[in-house]
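Work through the two exercises below with the sequence and the model side by side, and attempt each task before reading its solution.

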Amino acid sequence: MKLDIDLDSVEGDVAHSLEGHFLIAMPGISDEPFARTVIYVCAHSPNGAMGFIINKSQPMSFPALLTQLDIVESESDIRLPSGGREVSVCVGGPVEKGRGFVLHSDDYDSESTVQVADNISLTPTVDILRAISEGIGPRTAIMALGYSGWAPGQLESEIAANGWLTCKADLGIVFDTDLDNKYDRALRLLGIEPAFLAGEAGHA
């Protein structure tokens with residue numbers, strides 16, 4: 001499993017950048033892997049966009065992942081600190097599912113760590129997993145396998161076609177271990193009741 005990515009192709013300042021924002025799938029997006037997803041956008045510029053689905057779990061647990069990466073010998077050997085036990089492993093997106101990424105609070109830094117917004121950073125190297133397992137990692141973190149990516153202009157077109165709602169990200173939602181409730185909570189950031197949105201979709 002590789003944990004690396006070059007963000008240079010999508011980083012950059014733009015007038016209406018959605019970096020640090022949520023994309024919330026509208027009911028019209030019914031196909032997997034994006035149905036009822038909340039995506040945290042890490043990079044957005046005229047060169048494209050990338051982010052991570054934060055509300056769909058992987059079948060692999062964090063301890064199992066540590067074992068697979070040989071950070072620990074076996075799951076029975078793991079004595080994770082509370083922060084490590086609370087790390088969710090998510091389906092980050094359909095692109096390069098073998099790559100791993102850790103979104104985390106900005107109290108951890110390494111040579112490969114990139115700050116993506118206020119109070120949140122991204123580290124795509126295995127060192128952070130070892131740090132978490134040893135109790136010296138970030139205060140809060142979420143693991144993603146794979147990512148979601150858009151070509152130049154693609155995300156803007158999808159938003160214009162009412163595929164996505166957008167809002168400033170809430171870090172409490174990003175790091176919440178209750179993945180099933182993230183979609184409804186994200187909608188409520190916009191003052192939208194999920195039942196109302198579903199009803200409107202039924203009349204479309």
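**Exercise 1. Determine how strand β8 is paired with β5, β3 and β4, and how far β8 is covered.**

Solution. Strands β5 and β8 run antiparallel and are joined by 6 bridges, with His 104 standing opposite Ala 141 in β8; strands here are DSSP runs of E with at least two residues, helices are runs of H or I with at least four, both numbered from the N terminus, and two strands pair if DSSP finds at least two bridges between them. The model is predicted, so local features need pLDDT of at least 70 and side-chain atom pairs count only at pLDDT 80 or more, whereas totals for chains, interfaces and linings use all residues. Residues are numbered from 1 along each chain as its sequence is written, and side-chain values use heavy atoms, leaving out hydrogens and water.

Next, strand β3 (residues 48–53) is antiparallel to β8 with 3 bridges, and Ala 49 has Trp 150 as its bridge partner. Strand β4 (residues 88–91), by contrast, pairs with β8 in the parallel sense over 4 bridges, Cys 90 being partnered by Ala 144.

Finally, 9 of the 10 residues of β8 are buried (under 20% relative accessible area with a 1.4 Å probe, protein chains only; exposed is over 50%, partly exposed in between).

**Exercise 2. Characterise the aromatic pair of Phe 101 and Tyr 147.**

Solution. The rings lie 5.9 Å apart centre to centre with 85° between their planes, which makes the pair edge-to-face; rings of Phe, Tyr and Trp (its six-membered ring) pair if their centres lie within 6.5 Å, with planes under 30 degrees apart stacked, over 60 edge-to-face and the rest tilted. Phe 101 belongs to β5 and Tyr 147 to β8, 46 residues apart, and both are buried.
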